[in-house]
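Hi there,

Here is the structure I promised to pass on. Have a look at it first, and then read my notes below.

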Amino acid sequence: GFRADLFYFEFVVFVHPYSAQILDARDCQVEALRGFCLFGEISNGFAVLARKDRARLRGGVRERRMPKTKVAVIFGGISTEHDISCKSADNVIKALDGRFDLVLVGITREGQWLRYTGDAADVTAAWESHDVTPVALVPGMGAHAGGLFELVDGSLERIDVDVALPVMHGQGGEDGTLQGTLETCGIPYVGCGVLASAVCMDKIIANQVMDSAGIPRCEWDYM
């Protein structure tokens with residue numbers, strides 16, 4: 001949200017005049033244009049619309065902030081690239097910190113999922129030895145929603161996240177298995193889906209797909 005002309009604009013959208021709907025950036029629900037006012041114009045015939053909040057307070061405008069997106073950063077893993085994943089996660093955390101609410105979920109070399117609540121700088125060190133709780137993934141969608149849960153004092157507590165960001169390398173992270181697990185649990189995630197991940201992980205299959213699609217690539221062979 002932002003202030004303009006002493007009104008609080010809950011959110012702003014860019015919409016083409018031919019479009020009859022807009023996307024609410026808060027919850028990705030499609031709404032009709034009713035209740036929006038023309039705020040300005042940009043190039044190529046697109047209009048800027050904003051919904052006004054007419055409630056005013058003494059001396060100014062009611063201030064409201066949209067909640068930060070909760071991002072589960074998943075790192076580590078069972079592959080030989082475990083340490084590289086942790087280093088990548090360190091860079092991602094530094095880039096996202098302050099802009100998003102981060103939930104750090106590490107996977108040990110043995111495949112155990114742990115929520116890490118310690119110093120984020122330790123993700124490149126022995127993070128799994130302190131400030132961790134076991135994490136369970138529960139399948140389910142819709143009315144029977146699954147998701148991420150942590151084991152606290154013998155009971156499972158839901159870890160509310162809006163999206164998962166896998167920062168994984170190699171087996172168990174880039175090969176579609178993690179992506180399939182997240183989909184089974186109804187957790188939105190960033191990056192390639194199951195099929196693309198699986199195909200690209202297997203370089204023979206990936207080259208065969210490119211050949212069948214007529215995509216130029218360097219010469220290759222396999223034994």
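Let me start with a definition: a residue is called buried when its relative accessible area is under 20%, exposed when that area is over 50%, and partly exposed in between, using a 1.4 Å probe and protein chains only. Please keep in mind that this is a predicted model, in which local features need pLDDT of at least 70 and side-chain atom pairs count only at pLDDT 80 or more, while totals for chains, interfaces and linings use all residues. Residues are numbered from 1 along each chain as its sequence is written, and side-chain values use heavy atoms, with hydrogens and water left out.

First, the overall picture. The protein chain has four helices and 15 strands; these are DSSP runs numbered from the N terminus, with at least four residues (H or I) for a helix and at least two (E) for a strand. Of its 223 residues, 33% count as buried. The chain exposes about 13,700 Å², and carbon and sulfur atoms supply 54% of that area, as computed by the Shrake-Rupley method with a 1.4 Å probe. Taking contacts as heavy atoms within 4.5 Å, 51% of those between residues at least 6 apart in sequence join residues at least 24 apart.

Next, the strands. S9 (residues 70-76) and S15 (residues 163-166) run parallel as a pair, with four bridges between them; pairing here requires that DSSP finds at least two bridges. Within this pair, isoleucine 74 stands opposite proline 166 of S15. In a regular strand the side chains alternate between the two faces of the sheet. S15 is covered on both faces, with Val163 and Leu165 buried on one side and Ala164 and Pro166 buried on the other.

Helix H1 (residues 82-96) is where I spent most of my time. Serine 85 lies in this helix and counts as buried because its relative accessibility is 0%. Apart from neighbours within four places in sequence, serine 85 contacts Phe75, Gly76, Val167, Met168 and His169. Aspartate 90 is also in H1, and its 14% relative accessibility is why it counts as buried. With residues up to four places away set aside, aspartate 90 touches Ala120, Ala121, Val123 and Thr124. Its C-alpha atom is 9.6 Å from that of valine 167, although the two residues are 77 apart along the chain.

Finally, the salt bridges, defined as a side-chain nitrogen of Lys or Arg within 4 Å of a carboxyl oxygen of Asp or Glu. How many does a search of the whole structure find? There are four, and here are three that caught my eye:

- Arginine 109 and aspartate 83 meet at 2.5 Å, N to O. This pair links distant parts of the chain, 26 residues apart: arginine 109 is in the loop between strands S10 (101-107) and S11 (113-116), and aspartate 83 is in H1. Arginine 109 is partly exposed at 42%, as is aspartate 83 at 43%.
- Aspartate 90 and lysine 94 meet at 3.2 Å, N to O. Both lie in H1, four residues apart, or about one turn of the helix. Aspartate 90 is buried, whereas lysine 94 is exposed, because its relative accessible area is 59%.
- Arginine 115 and glutamate 150 meet at 2.9 Å, N to O. They sit 35 residues apart, in strands S11 and S13 (residues 147-152) respectively. Glutamate 150 is buried, at 11% relative accessibility.

Happy browsing, and best wishes!
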